[in-house]
Structure formats: structure tokens, C-alpha cells
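Hi,

Here is the structure I promised to pass on. Have a look at it first, and my notes follow below.

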Amino acid sequence: MDENQKQYQFQVNMKGMIELLSEHIYSSPTVFIRELLQNGMDAVTMRKGIDSSFQGRIDVTFDGDQMTFQDNGIGLTQDDVHQFLSVIGQSSKRGDLADKDLIGKFGIGLLSCLVVSEAIVVETRSLYKEESVRWTGRADGTYEVEIIDLLPEVGTKVILKAKRSWRTLFRKEDVKENILFYGSALPIAVNLIENGETEQLLNGNPVWLDPESTKEDLLAYGKEVFKTRFLDVFRLESEAGELQGVAFIIPNKVNTTATKEHKIFLKRMYLCDQATNLLPEWTSFVRCIINSNALQPTASRESLMNNTVLQETKKELSDCFKNYLKTLSLTNIEVLEQIITIHHMFIKSLAASDTEIMNLFEDYLPFETNQGMMSFGLIKESYKNIYYTPSLDDYRQIRRIAGSQKKLVINAAYSYETDLIDKIKRQRPDLSIEKIAPNDILQEFEAAIVKDDTIDEFVTRANAILKKHYCKAEVKRFEPKDTTAIYIANEDALSSKNIQSLSTSSNPFASTLKHFKKQEEVIPTLCFNQQNELIEKVMVIDDKELFEALINVLYVQSLMLGGYTINKREMDTFNDALYQFMILGMSSFLPKF
Amino acid sequence: MNYNLEIQKILLKVEQMEKFSDKVVALKEAIQLADQHNDIDWGFDLRLDLIRKERNTSKCEESFPAFAWILNASDTNADYFDESDFLWEYKWMFCSAYRNASISTEQIMQIGEDLKSRLVKNGYSLRAYYNVMTGYYLHLRDYAKAQEYIDLADGEVIDDMTNCPACELDTKVEVLMDTGRVEESLVKAKDLISKKLTCYSMPFQTFCHFAYKLNKIGDERAELYFDKALEEYYAHDSYDSSVGYSMSQLICYMYEKKHPDTWEFFSRVCEWQIGAEDIHVYNFSKYMASMLKDGGTQALTLSSQLPYYRSDGIYDLFDLYTHFKQIAYSYADQFDRRNDLKGVYRKEVDEILQ
């Protein structure tokens, strides 16, 4: 290095650092409880690494605004204190053990105490050395280290004195609540000591991790945690994520976009309530409590890192869900039916991508039909021919007409439905499942009785008038007799009609719209009912103007009956026709001169 | 029930739906109700909403007629609607126009000129117009002209209609990368790489492009950008089909590196091709054909709506290659014809299949 050059050390503004932690990294000042629990737990884990029979313990003592967190873990030597408590960003968790068993990782945890306390006093006695050390760190970035009288037992005490604004966080009840929130799964006994009285808070064996717990125990625990009386519960396991947990079935319909609250623990320490990326999308109908020893947290320890282990874990969790549903189909049909009734949307989504699940649950899956909601089992039992339509427009039209035809039509307009029906159709060639469009129903109407050229001539004359409405005429016989005509247009035809009418506008998009027409030939049909008395008479009317007015009125009336959009041009035509009728009607009553 | 309530009920349903394609179906139902009652206010708002939702898919089937209706409603009811409400969507529509091989160059230009005049009429700078024209010339593979429009855009002020800074920078970076100026491109992309500039799809799309292009020239940094792309992909929970182009590049990279999730990604993106815009189908087919030419068999979970769906779930990859190759050439010829490019797109397919 050049003589003129000097090397300087970066300076850290501790006050700024504390602000950074409290305002940007940690979402709540209560995280200091989590960090203290974590440090205590890690110290005990390290001591257990030496003596596996060792019983760890954390005592929290309250004395006014002062709180002492004491563990009987491995403790720190004076060197450790200088190295690990005084160098920010350097974790004391070392070696293989650190990667595998310890919770802390980033070496910034203790700083969170400075959010709520002006100073941190750490008194510690190491398992390796017969000496005790006191370290005092302050928010202004200074610290002191001194040798003190030998503490009676190995371990570490962290003494905090509440800042005025955070005194409430040091009250026993608040601390208890936060210990239970963050550390309810920790495998360690935690005691709260105040005025000489001791309350044991945790026994290190939470119900949801205990393999001996019954379903009733788990459901009772679920109710206590989530305040919900769940429908059922099952266990979750993943080798990749070294994960164990439980999933509770929500007893009511779930909004897909609502936040899904879970409880995610990492190495038994609470991490977050969101399992983003961990659970498959179709599992929205459960709430989970999960502990993983292999997934990685982000630096703030408030969410999971999305990496290959998480992706592998997600796959294994997906299998747990499938296995649960499969088992249920053999052991408890009643619960399965309840789940499918409430959460069919998610089960359908799963079935659409998983043939095995589809085969298992086919009969239970409910579908919207023109006869109301029906399970597929009931549909196939009651109807020889099953029809479906992947278009909502088509379904709305068919629903109106199909009832009189005694047809069963499934609405398969939304996600998974079409895929699912299509899959069932391929898997079950023994069933008659057909896609249907409104025009198909038209084809099934009884043919008109042809005696002479009247019908042909009528159709030709009507077509000449209907052409301007982008429609064609047909004559059939159908029920009820008092219906004069039915307007039928499948989705493509309606879209073509819409495009046709917009094509006449003057903007530069108008000329491009023809490229979006799906099929040039599909145009809507106005089907006249030969059985209707009025239609019989219209067919033989010679007067050109009267005939045109009648066809126009029948056309717009059928649009109204069918709930179709009536554009301005159609409305004008309708009004003109009515005007003509009024003139004609009045002419018989006018005074004769 | 009052139709207003019915429309509001549908809108609530739309909010709860997860898939954009489902939202489009439900919004069409609401539009029908509005039209049935000649309610142009609802008709206008619902159609804008539909365009915004369809924008998140690889399709543009409903947006074109919807936008034509909006323009018509606005032009025939002068001063009733504010044009600023739909000029942003107009930019999307211009892009959709050139992505459709059936729409002529003359029609594209007319739409561009109309957009330009409406931007000026409403007091906006021409930066937004230059943004979309840059995209158009990139589509024509005319990089010199695209650069010209980038420079023109840079000379204009930024306003509410201009592309977001992340997208503008990505375009510049892409031009540099595609014209072989790799180092320049990587340096230019620093604000995207450091995530100083982000938007819905950036820097994911930038990273995908880098991973694919760098890998093609044997540059080891491809792996770094692939990792970054994957990190973005997972961090965003689930990207929708609007990022189909980038996903195709990502899948190609994954296939070459034998990434375990290749076929899962492939299956997902295949579904996006149902009813997709011509340019999306072209790009996907081109990239997938290049990847599948080695053949083999593969178990895949594909949508039964796809023309090559097999109920046994076992796919002959050479059959898929043949299918995608035919589609890629067919669209290449259509675009070449429309763009009067004398085989530029066909050559692009030839080269990628070599």
C-alpha cells in the first residue's frame, strides 16, 4: 500500500441500525421475544450436542420494568462474548450443528432487543470455562465487558429494562402471549417467574407434533388456535422439507383470493402465517400448522425462501393431500361428501389434473345443470344422454330451451369444468357425453309439415328482411304452441353479429374486426313455430309492407323473450313496425268522408 | 333482480375468481346485461375491465371487439367519455393488431396514426406512440428503425401514457442483445439486474432473454441469469400467460440443461396456447420445435383442449416436434406475407431448427 494511502474501517451508526431493524426488517417490536427464545433454544441445543440426556430450560423472571431471560444452555466465554455479541452480522452458531439444528443464522437477532430496551445486559457462564462474564451493549453502539463472580449455573441471562414506550411488552401476560405465539412448538420447558411464583408455560411436546394425539385432540387444538370448528384434520409429512404438521379442513366456502392464514414453524420456532409457494393452489380449503427443519427462512425470518427444497416439499405435501382424500373415500364417505359439497371447486381443479383422483371422486363432484346443481353420480344415474357446453352464452340459451326437451345440460364454462368433463368422457366411453350448442337443440325440433311451397316462400321472404339483422329464418314445430318464434344463436354467431354491427363504425378498428369472426357461416336463426296460429297466418300474408312489419316485430319480440341485447337499429325497426300497425289499425276507425 | 345489482354480483364473483380466463367469461356475462339495458356507462367500464383482464392472458379474442365498441361509444357520444381513460388500453390494442397475422399493415398503420392523434389531442407527449412503434419495428426485425424510435421516445417527456421505465429499459437491452452487443446489453441492464427498476414482468423477462441468448452463444453467465429468472418466477407465485414468450425461452434453456422442472413448465405453457394471439403461437411453436427435435417419449399432464392431447398421458416428442414445426412455419409464412418481409420469419424458424 502507498504511504500516502491510509486504510479506514467503515463506521456503523448503531442508532440508524436499530431504526432499520425496527422499521424495515422486523414487522413488530415483539420479535425480541422470538430472538431471545431462539438464542436460548440454540444454546440448549448446543449443550445437548455434548450430552443428549441434558434437560434444557428457559426461565423468564419479571421485576417491574426489568425482565430476565435465562437459559441453561452452553453459555459463552469472554472470547465468545467479544467475537459474537459485539460483532454485528456474525452468528455464534458454528459448524455442522449450525446448519442442521440451530435456528439463528444471521447474527443480528440480539439487536432486536435494542428496539425495546436502551441496553442489553448479558451475564453468562460457559460450560467450557470456570468464569462468568457480563457484557453490556447499548443502543449508541458502545459495549462493556467485565468478569463477574461465578454464576451458580452454566448458561446465559439476558437482562432488559423496558423503554418507557414499550413497558407494556414487558408485562407477564404480554410476554406469555408472545412466547406462546412464537415458541409454542419449542421442545423446551419455559417457566415464567414473578413474585416468587412459577408458571410452566411449555412442556416441549405440542399436540400437533405428538404422534399419539387423537383426531379429537387435534381438532380441539385447531379450534383453540384458529377459533374455527374444523370439518376434519389430517397429518402432513415431507422428507425433503423434514416437515411435519397437520391440515385442518375449513368448514365453510373459501374465497380463492382471501389470505390463507396458517402457522409455519421453522425448527419449531414460529416463522409466519403465510405458506406462499409451499402449498399447492388447490389446497385453499385447509389451514395448516407446519414445522420444517430443512426449509430456509429469509433474512427477516418472516417468510420462506423459495428454493428447490421448497419445491420438492410442495410436491410431497400435494401427495399428502391426495392420500388423505383417497383414504377418506374408503373410511369416511360422509366427511368426504361434506368436503366435496363445500369445496368442490378445489377438488375439481385437482381432479382435472389427476386422473386417479378424478376416477375416485367422479360420482361425488357436483355440476351446475339446467336442472339445478347435481352430483355426477346422480346425473349419470338419471340421464342416459349427458350434454355439456363450454360456453356461458350457449348455456344460458340452452337452459331456456332444453327444459322442454327434457335434456340434461351441464354448464362447463368455467375453469376445470370443460377439462374435467372432457376427461370423464375419454375415461368412460360407456357413458354418452356430448357437447351441445343451441343450434343442436334447434335441429332436434320436429320438422315442419310441408304441403306445398308456402314454407319455402315464407322462408325466402323472411330471409330477405332478416338479412339486415344478420339473421336467417327457419320453420319448425315445437312446444309450447303459443311461442311464435325462438331466436337461437350460439356464442360464435352472437360474436359475429356483434362484430357485424361494430364493423359499420368509423374508427380504424372497425375494418379489422372481420378477422375476429370465428366462423363466417354461423349466423343466428329465427325459428318460427308452425304450430302457432299467428305464424300460420303470417305465412300467407301477401302485403309486402305488413309482412315486413310483422317479421320485424316477431324478430325483436323473440330477442326480448330470449333476453338478448337489442341494438339501436333493431329498436328503430321495432318502433317503425309498431307505428305502421297503429296506422293500419286506426284506418278502420277513422271517419269516412 | 335489478340489472345493476346483477352486474355488481357478477363483479364480486370476478374478484373471487383466480383465473383471468374465468374473469373474462364472467365479465362477458355482465356486458351482455349492460347491453341488454342499453347502459353505455356500464358497457364502457365493463369492457375496459374485460380488456384489462384479457391482457393478462395470451389471448385477444374479446378485447378487439370490446375496444372497437369503446371507441365507437366515445366517438358517437362526444365529450361524454374521457379518452384518457382508454388511451393506455389503446396502446395494447395497437400491439395486438400487429400480433395478429390477418390484420394488414395498412390497418396497423391506420390504428397507429389514430392512437397518435388521440394522444396529441389529449395533451400527451408522443413518447407512448414511439414506445409502441419501437415494438412494431422489433416485430418487423428492423432493429435500425426500432433504435430510431427508441431515440425519438427518449427525446420526449415522460407522462402517464408512456411505458414504465423498467419496460423501456428492457426494450433497449433486448435490442442490444439481439444485435450481438452482449456486453453493452448487460451493462445497460444494471438497473434491471439490481432490481432498481421493476414492474409486473420485469426483470423476469430480461433474465429469461439473457439466459436463453447467452446460452446460445455458450456464455457461462447464462446460468446466473437463469437462476435469477427462476428466483423471480417463484417469488411472483404464479405469472400469467402474458409472459408466454419469456417462458418459452426459459423452457428451452431448462431442456438443454436437463432441469427437473422442464416438463412441468412445458405443460403449463402449452395450455396458454389455446386461443392465443398469432405471435404467441408462432413463438411458442418455434421454440418448442427447436427443443423437441431430438424426439423420445415423455409423460405429461396436458389439457384435453389441446389438439395433441393424449388420454394415456404419454407423448411421442417427435410427434410434438412435427406439430410445432408445422405451426411455426405456417405462422412464419403468414407474418412474412403480411409484413412483406421476404421470408425473414421463415428463415428465423429454419435457423432455430438447424
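To start with a helix: how many residues does helix α7 of chain A have, and what does it reach from its first C-alpha to its last? Helix α7, residues 215-226, has 12 residues and reaches 16 Å, close to the 16 Å expected at 1.5 Å a residue. Right after α7(A) comes A:K227, with a positive phi near 55°.

Keep in mind that this is a predicted model. Chain A has a mean pLDDT of 85, with 89% of its residues at 70 or more. Confidence in chain A peaks in strand β9 (residues 232-238), at a mean of 96, and is lowest in helix α4 (residues 95-100), at 46. Over residues 92-100 of chain A, pLDDT stays under 50, and the model has 10 contacts beyond four places in sequence for that stretch. Residues 103-107 of chain A also stay under 50, with 20 such contacts in the model.

Now for the annotated positions. An unreviewed UniProt entry lists A:E35, A:N39, A:D71, A:T156 and A:R301 under "binding site". I followed up on one of them, A:T156, which is found in strand β6 (residues 155-162) of chain A. Is A:T156 buried or exposed? A:T156 counts as buried because 26 other C-beta atoms lie within 10 Å, and the cut-off for buried is 20 or more. Leaving aside neighbours within four places in sequence, A:T156 is in contact with A:A43, A:D71, A:G73, A:G75, A:L76, A:V122 and A:T124. Among those contacts, A:D71 is itself on the UniProt "binding site" list.

Cheers

Technical notes: Residues numbered from 1 in each chain as written. Chains lettered and ligands numbered in written order. Predicted model: local features only at pLDDT ≥ 70, side-chain atom pairs only at ≥ 80, totals over all residues. UniProt positions renumbered as here; feature names shortened; annotations may be inferred. Helix = DSSP H or I, 4+ residues; strand = E, 2+ residues; numbered from the N terminus. Buried ≥ 20, exposed ≤ 12 C-beta atoms within 10 Å, placed from the backbone. Contact = placed C-beta atoms within 7 Å. Expected span 1.5 Å × (residues − 1). pLDDT = per-residue confidence, 0-100.
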